[in-house]
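These are my notebook entries on a structure that I went through chain by chain, writing down what I looked up as I went.

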Amino acid sequence: MTGTPVLRVRNLHKSFAGIVAASNINVDVADGEVVGIIGANGAGKTVFVNMITGYLKPTSGSIEFSGREITGIRPRDATRIGVCRSFQISQVFMTMTVLENLLIAVSLAGKERKSLLAPLRSRERIRECEQVMERYKLTEHRDNVTRTLSQGVRKLLDIAMAVVSNPKLLLLDEPTSGVSSDEKFRLMDLVMNALKEQGTAVLFVEHDMEIVQRYVDRILAFYQGEIVCDAPPDVALKDPKVIEYVLGESHGPANDSESALGAGHA
Amino acid sequence: MIRSALSDATIRWTIAGFLVLALVGTLFPNWILNNTMFGLAYGLAVLGLLLLWRTGLVSFGHALYFGMGAYAVALLERYTGATDIVMRLGAAMTVAGGTGFVLGFVLRHYRGIFFAMLSMAFSMVLYGVLVKTEALGSTDGFSVSQTTILGWQPQSKYPLFLAIVGLCVIATTGVQLYLHSALGHLTTSVRDNEIRVEYLGYSVATAIHVKYVISAALAGVAGGVMAMALGQVDPDSMVNWTVSGELVFITIMAGPGSVVAPFIGAITFEFLRTFAFELAPHAWQLIVGGTLLGIIFFMPEGLWSLTRLISRKREKVR
Amino acid sequence: MQTTFTILLDGLSYASYLFIVSVGLTIIFGVMKILNVAHGGFYAWGAYSAAYAIGLAADLGFPDWFGFVLIGLSSMGVGLVLGLLIERLILRRLYDHEEVIIILATFGLFLVLEDLILLVFGVNPYFAYQPMVFLGSVELGGILRDVYSLTLLGLAALVAFACWYALDRTKWGKILTTVIYDREISLAIGINVNAVFVWTFVAGATLGALGGAYISPTLSVAPGIGIDIIVLSFAVVVIGGMGSIPGALIGALMVGILRAVAVHKFPEFELFVIFVVMAAVLMVRPEGLFAPVKARRI
């Protein structure tokens with residue numbers, strides 16, 4: 001690993017009213033690296049993602065992004081400096097069309113706040129959105145209201161909205177949960193190839209080991225709020241602790257009753 | 001700016017509509033002129049509530065700003081003698097917008113029922129002050145003298161009417177342009193998904209605050225227009241919670257579909273009220289209440305959805 | 001000293017009256033999550049029907065004490081008829097709408113109820129002083145007070161006790177608590193939530209009507225009497241915590257005493273102070289001073 005890591009997490013700890021949800025977490029992520037986060041439900045994966053993107057404040061410890069301390073940052077500030085995320089349950093504007101969703105995302109990603117008062121549908125913005133739709137195979141859904149679309153398409157849109165600002169670090173929370181199994185690989189191929197082109201570092205939470213193995217450079221395995229293994233996939237998936245604590249339990253699709261941000265569950 | 005405004009079909013039609021109203025207004029007898037002005041005043045306030053409604057917020061306290069605007073006009077005259085329309089409306093807008101800016105810091109954190117209740121509490125505070133202050137005429141209020149226009153004292157009501165129509169054109173165009181901007185689109189976005197807005201890097205609280213101040217300023221101007229058109233101010237017809245209720249009622253009736261709808265809705269409301277008082281004085285609230293229930297049951301998009309129904313039929317015919 | 005006593009007594013009797021009206025509002029909110037503006041309509045209907053019945057009974061030569069029976073009967077009648085009709089015909093179809101839309105619907109209902117009063121009872125005020133005359137007056141702290149206003153305290157205590165008993169000591173109360181806590185689970189364990197809603201609404205409406213009916217002998221029952229009480233009982237319920245019965249009690253006491261102090265010492269602040277407290281509570285503790293169920297801020 002050379003130079004400053006994109007993400008440096010030191011001794012991160014989080015507890016909810018005495019219940020430990022994350023403890024002693026230390027992670028470095030390099031530029032453009034793809035890291036998979038695995039672990040059973042309630043192991044602390046989403047809590048980890050939520051702390052990095054500012055939805056939850058850590059109880060103690062520090063988070064650095066490109067050498068800059070961002071512990072306890074607000075979500076919108078995290079987004080502005082280049083830490084973006086997608087959601088386990090896609091968070092899109094349900095009554096708006098795909099194009100409108102992207103237009104909003106593109107306009108808010110713009111550096112100039114002044115341009116927010118200019119008409120939303122400018123020619124350049126629409127062109128930019130069309131390119132994004134092209135890259136994420138959303139063109140055919142361009143003028144459909146997102147409420148009418150399938151989970152898989154909404155997931156794609158959710159991720160596309162997170163990447164239009166060209167973040168340096170992207171966190172994907174269970175990108176394939178709720179997506180049908182034949183759509184999964186198509187979706188992940190699209191997303192991961194696009195991200196590779198942009199050189200974005202990616203941390204993604206995933207239950208499906210096939211997906212994990214196929215895309216990641218490294219695995220972080222969570223168990224009871226701690227990282228029990230941090231290694232490349234071929235090593236990690238053979239690690240006895242990972243086999244016992246993570247793979248031993250069913251690693252089927254995520255529990256649907258979990259909230260969008262998983263904030264409540266430790 | 002002007003060119004981009006005129007490229008918008010809604011704005012072109014709105015301006016055309018108001019021009020027609022201004023022309024037809026020359027033929028109006030005084031009572032129709034007055035009623036139309038009341039309708040336009042309500043329409044301005046509803047235009048502001050439409051912004052909040054699109055954001056998913058219902059204020060049960062916009063009579064606060066309506067009343068403030070009206071009393072600002074009246075008090076400006078009492079203490080400085082100023083009766084000029086620009087000063088009057090400027091005062092109304094500043095006082096209401098300023099108060100909205102301050103209260104906005106609190107209200108922007110509230111949603112749903114809590115937003116409605118807190119706005120109501122704020123408005124009832126002003127009501128409580130006004131009804132008990134003898135110096136301000138308590139429940140009777142006090143009168144406002146005729147409006148001058150840049151030093152000129154018109155002999156009829158028409159010039160004031162014309163000025164108000166002009167004001168409505170400006171307000172409607174402004175709101176329409178705002179709604180078409182990126183910031184303006186954050187109405188529906190905030191209503192749909194606040195988390196996503198935050199994670200796109202924009203503050204939901206700020207987005208709501210901006211809309212709240214705009215709506216407060218519009219309600220203030222509306223109150224100022226009402227005071228000028230009515231020639232007097234009083235708490236029960238301008239500040240009580242029932243006024244906020246009426247404004248929300250017109251908002252729902254008009255529907256969130258268009259910036260013209262508030263004016264059509266409000267003018268219809270005013271004339272219905274006048275006729276109902278003539279024909280069935282004890283059934284006015286029955287009509288309003290029944291209509292409100294009917295709209296909630298059958299037309300969730302408001303009366304404006306009728307136009308869409310018509311245009312859809314037309315498309316089918318083609 | 002004497003003023004303090006007067007303020008206290010005034011405050012308590014006003015608080016009692018507010019409590020009787022507000023407790024109905026808070027029960028409906030607690031169980032059904034509906035902030036019912038039409039509650040002011042129940043209040044007005046209670047007042048009108050009691051005043052009308054008392055006047056009629058007096059004309060027919062019934063003794064004055066019979067007025068109390070009529071107050072009870074008319075509030076139950078109003079609660080049963082209006083409560084059933086409104087819940088069954090209108091609210092039932094709106095439960096899946098947003099809460100703000102439901103408030104608007106009840107505002108529409110309130111307007112309808114107001115005008116129905118004018119159509120049924122006319123525009124002239126009614127006076128039903130007979131029960132008040134019947135009880136006479138006593139000297140308390142050097143001031144002559146009518147006994148009737150003092151009985152408000154007793155009635156409020158009775159209502160409070162009845163609510164506590166019904167919720168805490170009966171099977172019905174347990175069912176109600178379950179529904180308040182979680183509607184879905186109640187359905188799943190076989191509670192007839194529909195029936196709970198209907199009877200809650202009827203009970204709440206009856207209490208609103210009782211407030212109006214019982215206060216009617218002390219004032220002239222005229223058009224528009226429901227308008228002020230609705231915002232006052234909103235203030236009471238918000239201060240105490242929407243859906244909480246002890247909250248309604250505390251809220252009513254606070255508003256009652258505050259108003260009495262204002263009326264005697266600073267008359268210009270009578271209304272102002274109530275809504276300042278309401279706004280302050282919403283700002284500091286939006287869920288109210290005695291929140292029963294977790295309330296949402298965002």
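Before turning to the sheet, I note that two strands count as paired if DSSP finds at least two bridges between them. I also keep in mind that this is a predicted model.

Entry 1, chain A. I looked up the strand order and found an open sheet of four strands, arranged β2-β1-β4-β5 in chain A, with antiparallel pairing. The edges are taken by β2 (19-29) and β5 (68-69) of chain A, and each has a single partner strand, so one side of each is left without a neighbour in the sheet. I then followed β1 (residues 7-16) of chain A to β4 (residues 60-65) of chain A, and five bridges join these two in the antiparallel sense. Within this pairing I located A:H13, which stands opposite A:S60 in β4(A). I also checked what lies across the sheet: helix α1 (residues 45-52) of chain A lies across β1, β2 and β4 of chain A, and runs at about 65 degrees to β2(A).

Entry 2, the hairpin of chain C. Here I traced strand β1 (residues 137-140) of chain C, which runs antiparallel to strand β2 (residues 143-146) of chain C and is joined to that strand by four bridges. For C:S137 I found the bridge partner C:D146 in β2(C). Two residues lie between the strands of this hairpin, and C:G141 takes a positive phi near 60 degrees.

Entry 3, two helices of chain C. I measured nothing at the bench here and only read the model. In helix α7 (residues 171-181) of chain C, I found C:L176, C:V179 and C:I180 buried. Seen down the axis of α7(C), the buried residues fall within an arc of 100 degrees, so they line one face of the helix. Their packing partners in chain C are α1 (2-32), α6 (147-169), α8 (183-188) and α9 (193-215), whereas the face of α7(C) turned away from the buried side carries the exposed residues C:K171 and C:Y181. I then went to helix α2 (residues 39-59) of chain C, where 15 of the 21 residues are buried, and noted that C:G61, which follows α2(C), has a positive phi near 90 degrees.

Entry 4, chains B and C. I looked up the contacts between these chains, and 37 residues of chain B are in contact with 39 residues of chain C. On the side of chain B that touches chain C, α6(B) gives the most, with 15 residues. The residues of that side divide into 25 nonpolar, 10 polar and two charged.

Notes
Residues numbered from 1 in each chain as written. Chains lettered and ligands numbered in written order. Predicted model: local features only at pLDDT ≥ 70, side-chain atom pairs only at ≥ 80, totals over all residues. Buried ≥ 20, exposed ≤ 12 C-beta atoms within 10 Å, placed from the backbone. Arc of directions from axis to C-beta. Contact = placed C-beta atoms within 7 Å. Axes fitted to C-alpha atoms, helices over the stretch in contact; angles between N-to-C directions. Nonpolar A, V, L, I, M, F, W, Y, C, P; charged D, E, K, R; others polar.
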